[in-house]
Amino acid sequence: MRIGELAQRAGTTTRALRFYESQGLLSARRAANGYREYCEDDFRLVREIQTLQAVGFSLDDTRPFVECLRAGHETGDSCADSIEVYERKLAEVEACLDRLQAVRDDLRAKLTEALDREPGPCRVTTSFEESR
C-alpha cells in the first residue's frame with residue numbers, strides 16, 4: 001500500500017508517517033516509480049505507536065515496542081526493553097498520583113479550616129472603589 005492509504009487506514013497523516021520514518025520507527029520500501037510502499041506489518045507498527053502515544057508515551061518511548069514487533073513477536077510488549085519502559089512509565093504515573101493526592105489532602109485541610117472558622121463579614125469592593 002502507498003503512504004496515503006496507510007495514513008488513511010491508520011487515521012493519521014502522511015506527514016506523521018514521514019516523520020516516523022525520519023525517526024527510524026518506520027521503514028518504507030520504494031517502488032520502481034519512487035513511491036513509498038508499506039505492508040500490513042507497517043500498519044501494525046503505526047497502530048502500536050499511536051496506541052502508546054494515546055496513553056502518554058513519548059515517541060522515543062515507543063522504540064522498544066516497535067523493535068519488539070520488528071523482531072517478529074506477536075505483541076510489542078513481549079520484550080524486556082518494552083517491560084522496562086512500562087515500569088518506568090508506571091513509576092512516573094504513580095509519582096504524579098502521589099503529588100496529586102498531596103495537593104488534594106492539602107486542599108481538603110484548608111477547606112475544613114475555612115469552614116470551621118467563625119464566618120466574618122466580607123466586604124466586596126468594586127473595581128471602581130479600588131481605583132479611587
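Is Cys68 buried or exposed, and what is its relative accessible area? I looked this residue up first in my notes, and I found Cys68 to be buried, with a relative accessible area of 2%. I record here that the model is a predicted one.

**Entry: the disulfide**

I searched the whole structure for disulfides and obtained one. I find that it joins Cys68 to Cys79, with an S to S distance of 2.2 Å. I then located the two partners: Cys68 belongs to helix 4, while Cys79 lies in the loop between helix 4 and helix 5, and 11 residues separate the pair. I computed the torsion about the S-S bond of Cys68 and Cys79 as about 85°, so I entered this disulfide as right-handed. For Cys79 I obtained a relative accessible area of 18%; with the limit for buried set at under 20%, Cys79 is buried. As a reminder to myself, a disulfide is a covalent bond between the sulfur atoms of two cysteines.

**Entry: further cysteines**

Why did I leave Cys39 without a bond? I found its closest cysteine sulfur in Cys68, at 17 Å from the sulfur of Cys39, which is too far for a bond. I noted Cys39 as partly exposed, at 31% relative accessibility. I also looked up Cys96, and at 33% relative accessibility I noted Cys96 as partly exposed.

**Entry: helix 4 against helix 5**

I next examined the helix that carries Cys68. Two packed helices are described by the angle between their axes and the distance between the axes. For helix 4 (residues 63-70) and helix 5 (residues 80-116), I find axes that come within 8 Å and cross at roughly 155°. Angles over 145 degrees count as roughly antiparallel, and I therefore describe helix 4 and helix 5 as roughly antiparallel to each other. I recorded the crossing of helix 4 and helix 5 as left-handed. Which residues make the contact? From helix 4 I listed Pro64, Phe65 and Cys68, and from helix 5 Asp81, Ser82, Val85 and Tyr86. Sorted by class, this contact of helix 4 with helix 5 has five nonpolar residues, one polar and one charged.

I then listed the buried residues of helix 4, which are Pro64, Phe65, Val66, Cys68 and Leu69. I find that the buried residues of helix 4 pack against helix 3 (40-54) as well as helix 5. Just after helix 4, I noted a positive phi of about 100° at Gly72.

**Entry: helix 1 against helix 2**

At what angle do helix 1 and helix 2 pack? I obtained about 105° for helix 1 (residues 3-10) and helix 2 (residues 14-22), with their axes 8 Å apart. I therefore entered helix 1 and helix 2 as roughly perpendicular to each other. In this contact I see Ile3, Gly4, Leu6 and Ala7 of helix 1 meeting Thr14, Leu17 and Arg18 of helix 2. I divided the residues of the contact of helix 1 with helix 2 into four nonpolar, two polar and one charged.

**Entry: Ala31**

Finally, I looked up Ala31, which I located in the loop between strand 1 (29-30) and strand 2 (36-37). I counted Ala31 as buried, at 18% relative accessibility. I also took the separation between the C-alpha atoms of Ala31 and Arg2: these residues are 29 apart along the chain, and the atoms are separated by 9.4 Å.

Key
Residues are numbered from 1 along each chain as its sequence is written. This is a predicted model: local features need pLDDT of at least 70, side-chain atom pairs count only at pLDDT 80 or more; totals for chains, interfaces and linings use all residues. Side-chain values use heavy atoms; hydrogens and water are left out. Axes are lines fitted to C-alpha atoms, for helices over the stretch in contact, and angles run from 0 to 180 degrees between N-to-C directions. Helices (H or I, at least four residues) and strands (E, at least two) are DSSP runs, numbered from the N terminus. Angles under 35 degrees count as roughly parallel, over 145 as roughly antiparallel, 65 to 115 as roughly perpendicular and the rest as oblique. A crossing is left-handed if the near helix is turned anticlockwise from the far one by less than a right angle, and right-handed if clockwise. Contact means heavy atoms within 4.5 Å. Ala, Val, Leu, Ile, Met, Phe, Trp, Tyr, Cys and Pro count as nonpolar, Asp, Glu, Lys and Arg as charged, and the others, Gly among them, as polar. A disulfide is a pair of cysteine sulfur atoms within 2.5 Å. Buried means under 20% relative accessible area, exposed over 50%, partly exposed in between (1.4 Å probe, protein chains only).
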